[in-house]
Amino acid sequence: MPWLADLGFATVRLTAPIILAAMGGVLSQRAGLVNIALEGKMLAGAFAAVLGSFYAHSAWAGVAAAVATGAALALVFGVFVLRLRANLVVAGLAVNILALGGTGYLLQVLFGTRGAFAPQGLRGLGTVHIPGVDRVPVLGRVLDGHTPVVYLTWAVVVLTHLFLSRTVAGLRVRAVGEHPEAAASVGVPVARVQYAMLMIAGALCGLAGAQMSLGNLQLFSYNMSGGRGFMALAAVFFGQARAWPTALGGLVLGLFDALQIRLQTTVGVPPQITQMLPFLAIVAALTWVSWRRQVRGGVLAP
Amino acid sequence: MIAIAVRREWVASVARFAVTFLAALLVGAAVMVASDRPALQAYRTLFTVAFVGVQNVADTLLTATPLIFTGVATAVAFRAGVFNVGVEGALHLGAFAAAWVGFTATALPGPVVIPLALLAAGVAGALFCLGPGVLRAYLRVDEIVTTIMLNYVAIFFTSYLVNYPYAVPGLANAMSPKISPAAVLPRLLPPSQLNLALVVALAVVVAVHLIMTRTPLGYELRAVGSNPVFARWAGIPVGAVIVKVMLLSGFIGGLAGAGQVLGVNYRFVDGFSPGYGFDGITIALLGRNTPLGALAAAVLMGALRSGGATVELFMDIPKDLVLILEATIIFFVTAEYGLDFTRRRRHALAG
Amino acid sequence: MSASPLVRLEEISKAFPGVLANDRVTLEVTAGEIHALVGENGAGKTTLMRILCGLERPDGGRIYWQGRPVEISSPQEAIRLGIGMVHQRFQLVPSLTVAENVALGREPRRGPVFDRSRAAVEVQDLAVRTGLRVDPRATVADLSVGVQQRVEILRVLLRRPRLLILDEPTTVLTPQETTDLFAVLRRLAAEGTTILFITHKLPEVFAISSRVTVLRRGRVVGTLRTAEAAPEALARMIVGEALPARRDAREEPPGVPVLRVENLRVRDDRGAQVLDGVTLEVRRGEILGVAGVEGNGQKELVEVIAGVRPLETGRVLLGEDDVTFAPVRARRAAGLAVIPEDRYLQGVSLPMTVEENLLATRYPSFVRRGLLEAGRIRSWALAVMGQFDIRAPHPAAAARTLSGGNLQRVVVARELASAPVVLVASHPSRGLDLAATRFVHDQLRALRDRGGGVLLVSADLDEILELADRIAVIFAGRIVAHLPAAGASRERLGLLMAGKAA
């Protein structure tokens, strides 16, 4: 079954940026802020990663640049939303537009291209070979030979889960997101918690961007995030902002992403149909949840 | 006395917008100077290209046409307090529906097929928004999330249609067959591509303005948008109003797609929209959720984009500069509303 | 009991626009006592306590803590001094556990990790010691309101307050829970915690307090030893000396019923049973006053009749029409008008114009060929504004530019211009000045005299006594008494409203 292993490998690879950004989405959503800006922060991160790697001749310099850029953009977002009371959704869309315009502008000004920028000798993240794992049948081929960021992704999922469920800071985040007034009444600094979560989300989006541009292809192309930030947001809603269910949602979206090519070539299912399904499934899931809530709440009484 | 007060408010809102716009231009200038580009000259060129000369104005209006539709579509929903982000999806389905009528009903004459295609587009868009509307009105499912998700469904679905059942073999890009010549919207100021879609868009602006100010539905949607609790106590059927508003918003969004198909591309081209639906959010916001305001904002944005394309061509300044200007304007406008709100609250608490 | 005061509030004054909430209030709480603070709605109790907790700054006066003058400028400062308050609205996070809620803000930790078991043990210990039984691992959302209150009290107690303030803690409790709470409070007092207990209910004053202070219209009427106080005298102190109420109740035989509610059972947003078998009847040409301390189900009663809240069982009838499940618009078509409790939220839309606000219940009748008839609407609005003396510069002026009294005139005008058969008026004169109040009252009387039926819900006994022909007293979601206004004394009403059957 080599095709199954290939599919698994592709899924893990394609899923990583979505899940990283989704964990950022989980953290900000748990702090009470729906993060529409994931997309823009990923895109900016992807571009910064290529810049960093290109100028510093080091993939890790690229990663650092991506993380810093994501966090900086998140800070701007945070100032507008938390300080200047801008509308969350509108400001998030503005971040996305700014990231698209900013990367497009710089791409052309610095490298004179509108499409893809793939300079010779751009350092990618490289792959990690885990001795032993590769000998496990099927699973070995799925799990071995990814970039370090892919492995880091799953560490981030574990950490996000532990952070929210086990730490004092995580407890405060949950309190702030659910009932800010109650949190404030016992002295929890609400705004500071929200800034922190937004910036961590930004950093994770930056990391996700680095995986996109330095992970496999080693290039940056215009609008290369291509809606993955919104997929991450979809995963957050699917997982109701809990770490593991959200990661699962991200995995499913990544699987469909990987599956579309496979299904197209083997069974002839159009890739668009495959891509469409997870979004329909999320809407159906949300509808089901609300329906249950309303029936139980007795609001649907005659 | 009241007339003066109203006019003063109008002047104030224009003045505030001017300040926002100037701030955005300054940010843009800073970006250009930092990247060693002649800012002043760029703006001069941009202005000339956008507004000087009949053909230039025509191109500005051509660029503005889809934005007028999507801006008004979004403004209608926002005004009723419904955060419809699904205009992009309605636009895709509407575009395909118009194209389908155009390449299927080839025997019909223009005066029949054009209204038919527009109607089909509107209905397709309206049906698309019906789902999120019903979910929001009766099950309290957040419409922002459902419309964002369903946008992808609409985009992928139309892409499937032109890649498979209605694919034209032998073309590099996925697109539908060409519409019949009868279905092509006539041009207004040739050689510019500016076409009858602009007239339709202006008619929509006028119609929505009348709906909002003169009809019971307009009254209802303003009541629901300004205070849904009050509306409910007064007996206004809030759920039904939300559904109607989403239908109207989707209908106009569908027309936006039809305009591009019948007036510019003459077929459904996969990926034809650079996000017109999302631009509608910006435009509605700038236009303070009124159709006339959206018209003005759409023309302004059309000018920036049409000018931006030329500036890129002749001065080596990426047209993405326009996106940076737009993002800055959005930031300032939404923050400014927020400031207004906090000031009001503080006032209310103090007074 | 030592006689030294733990806290002394001296000549505290606090004004809000239009109201003097506290007028040179002096209150002394002795260490170790349970001190009850009683008074009607708007008597200034909560404002006084908010000042003590650092949530409001007084305009004048001094606070002495253990004999030393102090400035309580923030809640943190109050907590530092040892003042803890259990608010009427709980400050709990529903999805967190009891232990997490109690610990929030001062969490036990091992490094960055929240020490769950220690938090649970701390709560458990305190719960055992105080008798406030809760499961530290339970999720707050799953708990009944009574248990949630225990959590709230535990949270305050964990900060070891010297003075514990409870703001009407029993409104959400069952009788059994109330008994349990009182046992806990007595034990706390015995261990040296001083308690300030805000309430409306006389039985509670006698059940728990050693001293009681009565506030009325922002002033202290007096402080008594509870043991030496008679219930009738205390009731009179709370509601004021009986002014001879204007008695213009009509002697005519009552007409046919125009509004009936039968056996209403309703739950509030938190699932508590707030109406428990309420039956009422309003007849042609009468004003039925529903008297009661706020929070006894009046809000939900009005909402159910208006059609904006679902009910569990029961019927609502307008004349002969069963409108139990009818939408709001159908009820209004059947002759119902409503003056809601919260005029800013439910009564008007502030961004809309005066004219548009007047139009809200009747715009469908101004439609011709699908369009609103602007001309007819304008002349109608001007006529209504004249008739109800709405002082706005123009029908197109935004409602937000109007004063509270004028806004209420807009609401009253809209509801009465349609010549309703039944009017439900909820706290119709709250926050209004004298002139506006008189206007509202005159309008209610005029409607009654024209043969309409009025259901008047008010927490203001003066208003009820002045207007009502019959009075129903509501307590804990039930109608505890029906009596003709002519035979009702303030004293008796005060006792009934306080849950003390007379």
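# Three chains, term by term

Modeller: Of the 351 residues of chain B, 58% are buried. This is a predicted model.

Biologist: How do you know whether chain B is as compact as a globular protein of its length?

Modeller: The radius of gyration is the value to look at. Chain B has 21 Å, and the globule rule gives 20 Å for 351 residues. The two are close, so chain B is as compact as a globular protein of that length. Its C-alpha trace covers about 70 × 55 × 35 Å along the principal axes.

Biologist: What makes up the secondary structure of chain B?

Modeller: Chain B has 13 helices and 0 strands. Among its contacts with a separation of 6 or more, 77% join residues 24 or more positions apart.

Biologist: And how does the radius of gyration of chain A stand against that of a compact globule?

Modeller: It agrees: chain A has 20 Å, where a compact globule of 302 residues would have a radius near 19 Å. Along the principal axes, the C-alpha trace of chain A extends about 60 × 45 × 35 Å. Buried residues account for 54% of chain A, which holds 12 helices and 2 strands. From the N terminus, its elements follow the order α-α-α-α-β-α-α-α-α-α-β-α-α-α.

Biologist: Why is Leu164(A) called buried, partly exposed or exposed?

Modeller: Let's set its count against the cut-offs. Leu164(A) has 19 other C-beta atoms within 10 Å. A residue needs 20 or more to be buried and 12 or fewer to be exposed, so a count in between is called partly exposed. Leu164(A) is therefore partly exposed.

Biologist: Which residues does Leu164(A) touch, leaving aside its neighbours within four places in sequence?

Modeller: Leu164(A), which lies in helix α6 of chain A, is in contact with Arg30(A), Gly170(A), Val173(A), Arg174(A) and Ala243(A). Gly170(A), Val173(A) and Arg174(A) are among the buried residues of α7(A).

Biologist: What makes you call helix α7 of chain A mostly covered?

Modeller: The tally does: 8 of the 11 residues in α7(A), which runs over 168-178, are buried. The cover includes α1, α6, α8 and α9 of chain A, together with α3 and β8 of chain C.

Biologist: Why is the crossing of α2(A) and α3(A) called left-handed or right-handed?

Modeller: It is right-handed. A crossing gets that name if the near helix is turned clockwise from the far one by less than a right angle. Helix α2 (38-56) and helix α3 (59-83) of chain A pack at an angle of about 145°, and their axes are 7 Å apart.

Biologist: What is the make-up of that contact of α2(A) with α3(A) by class?

Modeller: Its residues are 14 nonpolar, 7 polar and 1 charged. Gly counts as polar here. Among the residues that meet are Gly40(A), Ala44(A) and Ala48(A) from α2(A), and Gly62(A), Ala66(A) and Leu73(A) from α3(A).

Biologist: How many residues does each chain bring to the contact of chain B with chain A?

Modeller: Chain B brings 39 residues and chain A brings 36 residues. On the side of chain B, the largest share is 14 residues, from α13(B). By class, that side has 29 nonpolar, 7 polar and 3 charged residues. Where chain C meets chain A, the contact takes 17 residues from chain C and 20 residues from chain A. The chain C side there holds 10 nonpolar, 4 polar and 3 charged residues.

Biologist: How do you know which strands are the edges of the sheet β14-β13-β16-β17 in chain C?

Modeller: Each edge strand pairs on one side only, and these are β14 (273-283) and β17 (321-322) of chain C. The 4 strands form an open sheet with antiparallel pairing.

Biologist: What makes β13(C) and β14(C) a pair?

Modeller: A pair needs at least two bridges, and these strands have 8, in the antiparallel sense. One bridge joins Arg260(C) to Glu281(C) in β14(C).

Biologist: In which sense do β6(C) and β9(C) pair, parallel or antiparallel?

Modeller: They pair in the parallel sense over 4 bridges, with Met85(C) bridged to Ile165(C) in β9(C). In β6(C), Ile83(C) and Met85(C) point one way, Gly84(C) and Val86(C) point the other way, and all are buried. In a regular strand, side chains alternate between the two faces of the sheet.

Technical notes:
Residues numbered from 1 in each chain as written. Chains lettered and ligands numbered in written order. Predicted model: local features only at pLDDT ≥ 70, side-chain atom pairs only at ≥ 80, totals over all residues. Axes fitted to C-alpha atoms, helices over the stretch in contact; angles between N-to-C directions. Contact = placed C-beta atoms within 7 Å. Rg over C-alpha atoms; globule rule 2.2 N^0.38 Å.
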